[in-house]
Amino acid sequence: MSATSTAATVQPVQMAPQTGTFHIAIAGGGPAGSVAAVLLARAGFRVALATLPPRGARYEGLSARVAAILQRHGLPLAGIGPAAQRHVSWGAFQGGRNSEHPAGRSQFDAGLLEAAKDAGVAVFQQPVASLRPDAGVIRLASGQSLSAQLLFEARGRRAPRPGTEQSRAKLLGPETISIAGIVQPQTGDLDTPQLTARPGGWTWSTPVGKDQLWLQAAGDAAALDKRAGGKAAVAALWHTVLADTPLPRRPAIHAIAPRLTAPELDPRCPRLGDAAVALDPLSGHGMFWAVSSALMAVPIARALLDGQTALARDFYRNRVAETFWRQARVGRDFYREADIQTPFWQQRAAWPDDLPAHNTGIRPHIARRVIVQNGHLARREVLITRDAPGGAAFAAGQEIVPLLRRLNGRPLPDAVRFHSAVLPAAPPQTARAIHQWLLSQGFTEGAQIPLDTSNREKLPWQNNQPV
């Protein structure tokens, strides 16, 4: 790695600067943009963030692993309630299944913006009029300009979609509309989050206060009767999913089709969160993707500002494309599990293809991938397995491939001999953990380690990508 990394030469910002020149300027202050801004500022970059103020009431479920990531990075959990078991009515699945934290997005987003300000980010709460990657400028609705060495696009589904209409259509799932709002609980509503499959779509709900329920209905955009116009069209679509349930007084309406917006990196303006990949909210991975994509902002920024564009391109392409195709197929399988024979379900159970979401036939092999190591991108040998198709570089804090090479083709020993022969300087519990992980990946004690060391560069999602 370069010893003169840009991030190592800039100084942390003590006070948020005004309009002017920054190291990095971000368009969009949702979870992806705000978390990225905080981490970039902590890494020593001078950062500006342009965003609309948090919107009105809106709720969604937050997984425990998202909460864990935020806590690990010292980020606030404003508006996040205690975990509650989700009740599912989904084909063969009935009753309690998984758990989630109900999240009030207005409070949550506002808390992250405050964290960005506390980290020294210059936050401009006004609309973005235009984003000019070629000039390194974000122009605000007020006429102010934010100039930066590097821009990030994080405006979610509102971000412009590059490419032709034909190319975009290939990377877009079935058009789906979400209508949501606060309603009065109906008889039989539970006091926990609920996910329910219905003939014309699906619903998700969570209690948000005394005698109040946040209810989201997802239906087919083709069922939106545009001839009816305005609220009448929205009400008609709502009722195709929920029959006689009254429409919320102030419904929030969003297009929620899964889409791969930017499979390739623009080195002048990388994309984060939904601006790069928008996942079907049914997958439950939307917030996880937003936050985890923000974690790649610092190493990508360092690589691009240090002139290591090839590393950044390969890392971005792998993360973004792999996330999209894997989650598209996971969602497809979930739609199939409902086994409802209506147009809404049949269309989504067929998209994007019939390839498996998880390739269980992967033979363990070594390949070269771009990984994050000590906050920087680096091309390293990794172990590819059925559970780690993108490659695993570390286990229990140890690099995996050098450990396997120490065996020099000999069979995998038992845990005690693995410790003495491969990791004698490590604590016994570390050696046991790595040995157990290798067994979980398909290795067998006493058997020859079946490693293909071709160092092939082709990524797993490229073998499964639809034409």
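Helix H4, residues 105-118, lies across strands S2 and S6 and runs at about 140° to S6. The model is predicted, and the sheet beneath this contact is a good place to continue.

That sheet is open and has six strands, ordered S6-S2-S1-S9-S8-S7, with mixed pairing. Its edges are strand S6 (122-125) and strand S7 (128-132), each of which pairs on one side only. On average, neighbouring strands are turned by 35° against each other, direction ignored. In general, the strands of a sheet pair through backbone hydrogen bonds, in either a parallel or an antiparallel sense. Strand S2 (residues 47-51) pairs with S6 in the parallel sense, over four bridges. One point on S6 to look for is Phe-124, the bridge partner of Ala-50.

A further helix, H2 (residues 31-42), also packs on the sheet. H2 touches strand S1 (21-27), S2 and strand S9 (145-153), and its direction makes about 165° with that of S2.

Helix H6 is found later in the chain, at residues 230-242. Its 13 residues reach 19 Å from the first C-alpha to the last, close to the 18 Å expected at 1.5 Å a residue. The buried residues of H6 are Ala-233, Val-234, Ala-235, Leu-237, Trp-238, Val-241 and Leu-242. An α-helix has 3.6 residues a turn, so residues three or four places apart point the same way. The buried residues of H6 pack against strands S10 (176-183), S11 (194-198), S12 (201-209), S13 (212-220) and S14 (252-255). Just after H6, Ala-243 takes a positive phi of about 55°.

Conventions:
Residues numbered from 1 in each chain as written. Predicted model: local features only at pLDDT ≥ 70, side-chain atom pairs only at ≥ 80, totals over all residues. Heavy atoms only, no water. Pairing = 2+ DSSP bridges. Helix = DSSP H or I, 4+ residues; strand = E, 2+ residues; numbered from the N terminus. Axes fitted to C-alpha atoms, helices over the stretch in contact; angles between N-to-C directions. Contact = heavy atoms within 4.5 Å. Expected span 1.5 Å × (residues − 1). Buried < 20%, exposed > 50% of the residue type's maximum accessible area, 1.4 Å probe, protein only.
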